[in-house]
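Welcome, and please take a moment to look over the sequence and the fold. The report below walks through them one part at a time.

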Amino acid sequence: MHSQVPKLPGLCAAAVAVIVGIAAPQQAQADEADAKNLLKAMSDYLAAQKAISFDYDTNLEIVTTELQKFALASSGAMTVNRPDKVRATRSGGFANVELVFDGKTLTLFGKTANLYGQVEVPGTIDHLIGALREKYDRPVPAADLLESSAYDALMSSVVDLKDLGSGVIHGVECDHLAARTAEVDWQIWIAQGDRPYPCRYVITTKMMTGSPQYSIEITNWKAGTAVAAVDFAFKNPTNAKKMDLKDLPDADELPDIFAVGGVK
């Protein structure tokens with residue numbers, strides 16, 4: 001199938017590329033210090049919350065071998081009880097998944113297929129994030145923001161950090177920061193005020209053709225006693241069949257119909 005792109009006069013209001021210069025060296029240093037302080041304040045606030053919950057929307061961009069870019073959208077909700085409990089849901093066009101971690105056992109439940117996988121991963125949320133990322137290739141959405149020190153996780157490879165001023169996400173005024181590493185650029189919008197939670201987080205991959213992005217927007221943020229009580233044990237109310245976690249189908253944001261590095 002061939003797609004046609006309409007001819008647009010002059011500049012397209014939906015996508016205008018602008019080349020800008022940002023700050024003189026002295027001002028840039030001040031901006032970096034401010035940005036670090038804002039990022040550290042967010043990290044300290046997140047670490048101090050024993051219970052948090054939020055809704056989220058994600059977009060995962062992929063670039064085809066024909067250099068066409070797609071954005072795969074999904075939504076979900078997450079509840080975290082520090083130091084070792086997580087319950088999260090994610091639904092999209094290709095998957096309807098629930099993740100449950102009770103401090104000892106991780107369960108991934110594919111609701112559409114009515115299949116689930118389990119593995120013993122005793123430890124903290126930090127340990128779970130590392131195991132999912134490195135051992136099972138199933139990263140948690142915005143995992144850097146859930147670690148016990150979001151500041152250390154975000155800043156580990158940063159070579160440049162800027163405070164770009166303010167922005168508004170879903171009606172919430174935010175501080176807008178931008179960072180660079182060797183492999184990715186990222187931006188974060190942090191709510192202003194006494195609840196400096198992340199409202200939007202965008203990661204741009206520089207090492208791939210087309211510089212695809214992953215973005216997550218957070219809404220309905222709650223912390224402390226405002227968080228509803230949640231059961232972190234998997235009950236299997238639908239008599240789902242158990243299978244190996246690594247073989248659980250349609251549990252990733254990148255569905256099986258797309259093949260990395262080729263055409264399927």
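## A strand in the middle of things

In this predicted model, strand β5 pairs with strand β6 (residues 115-120) in the antiparallel sense, and six bridges hold the pairing. One of the residues to look for is Leu106, whose bridge partner in β6 is Val119. The hairpin of β5 and β6 has four residues between the strands, and Asn114 takes a positive phi near 55° there.

Strand β5 also pairs with β4: the two run antiparallel and are joined by five bridges. Here Glu98 has Phe109 of β5 as its bridge partner. Three residues lie between the strands in the hairpin of β4 and β5, where Gly103 takes a positive phi near 100°.

How many of the residues of β5 are buried? Six of the six are, so β5 is largely enclosed by the rest of the structure. In a regular strand, side chains alternate between the two faces of the sheet. Both faces of β5 are covered, with Thr105, Thr107 and Phe109 buried on one side and Leu106, Leu108 and Gly110 buried on the other.

## The whole sheet

Now step back to see where these strands belong. An open sheet is formed by 12 strands, in the order β7-β8-β9-β10-β11-β1-β2-β3-β4-β5-β6-β12, and its pairing is mixed. At the edges stand β7 (160-169) and β12 (241-242); each has a single partner strand, so one side of each is left without a neighbour in the sheet.

Further along the order, β2 and β3 run antiparallel and are joined by eight bridges. In this pairing, Ser75 stands opposite Ser91 in β3. Strand β2 (residues 69-81) also holds Thr79, which is buried with a relative accessible area of 12%. Leaving aside residues up to four places away in sequence, Thr79 touches Ile52, Ser53, Lys85, Val86, Arg87, Val227, Val230 and Phe232.

## Two helices

Helix α2 (residues 125-134) has a set of buried residues: Ile125, Leu128, Ile129, Gly130, Ala131 and Leu132. What covers them? The cover includes β2, β3 (85-92), β4 (96-101), β5 (105-110) and α3 (143-146). Strand β5 thus appears again, here as part of the cover over α2.

Helix α1 spans residues 25-48 and contains Glu32. Is Glu32 buried or partly exposed? With 27% relative accessibility, Glu32 counts as partly exposed. Glu32 and Asp160 are 128 residues apart along the chain, yet their C-alpha atoms are separated by 7.8 Å.

## Aromatic rings

The model has seven aromatic pairs. One of them is formed by Tyr197 and Trp221, whose rings are stacked at 5.0 Å centre to centre with 5° between the planes. Tyr197 lies in the loop between β9 (184-191) and β10 (198-205), while Trp221 is in strand β11 (residues 213-223), so this pair ties together parts that are 24 residues apart in sequence. Both Tyr197 and Trp221 are buried.

These two rings also belong to one aromatic cluster, made up of Tyr45, Phe54, Tyr56, Tyr197 and Trp221. Elsewhere, the ring of Trp189 has the charged end of Arg200 sitting over it, 5.1 Å from the ring centre.

## Cysteines without a disulfide

A disulfide is a covalent bond between the sulfur atoms of two cysteines. How many disulfides does the model have? The count is zero. For Cys174, the nearest cysteine sulfur is that of Cys199, 3.5 Å away. Neither Cys174 nor Cys199 is in a disulfide, because a disulfide needs sulfur atoms within 2.5 Å.

Both cysteines are hidden from the outside: Cys174 is buried at 0% relative accessibility, and Cys199 is buried with a relative accessible area of 1%.

## How confident is the prediction?

The average pLDDT of the protein is 86, and 83% of the residues score at least 70. Residues 1-18 have a pLDDT below 50, and this stretch has zero contacts in the model beyond near neighbours in sequence. Where pLDDT is low, predicted coordinates should not be read in detail.

Notes
Residues are numbered from 1 along each chain as its sequence is written. This is a predicted model: local features need pLDDT of at least 70, side-chain atom pairs count only at pLDDT 80 or more; totals for chains, interfaces and linings use all residues. Side-chain values use heavy atoms; hydrogens and water are left out. Buried means under 20% relative accessible area, exposed over 50%, partly exposed in between (1.4 Å probe, protein chains only). Contact means heavy atoms within 4.5 Å. Rings of Phe, Tyr and Trp (its six-membered ring) pair if their centres lie within 6.5 Å; planes under 30 degrees apart count as stacked, over 60 as edge-to-face and the rest as tilted. A charge sits over a ring if NZ of Lys or CZ of Arg is within 6 Å of the ring centre and within 35 degrees of the ring normal. Two strands pair if DSSP finds at least two bridges between them. pLDDT is the predictor's confidence in each residue, from 0 to 100.
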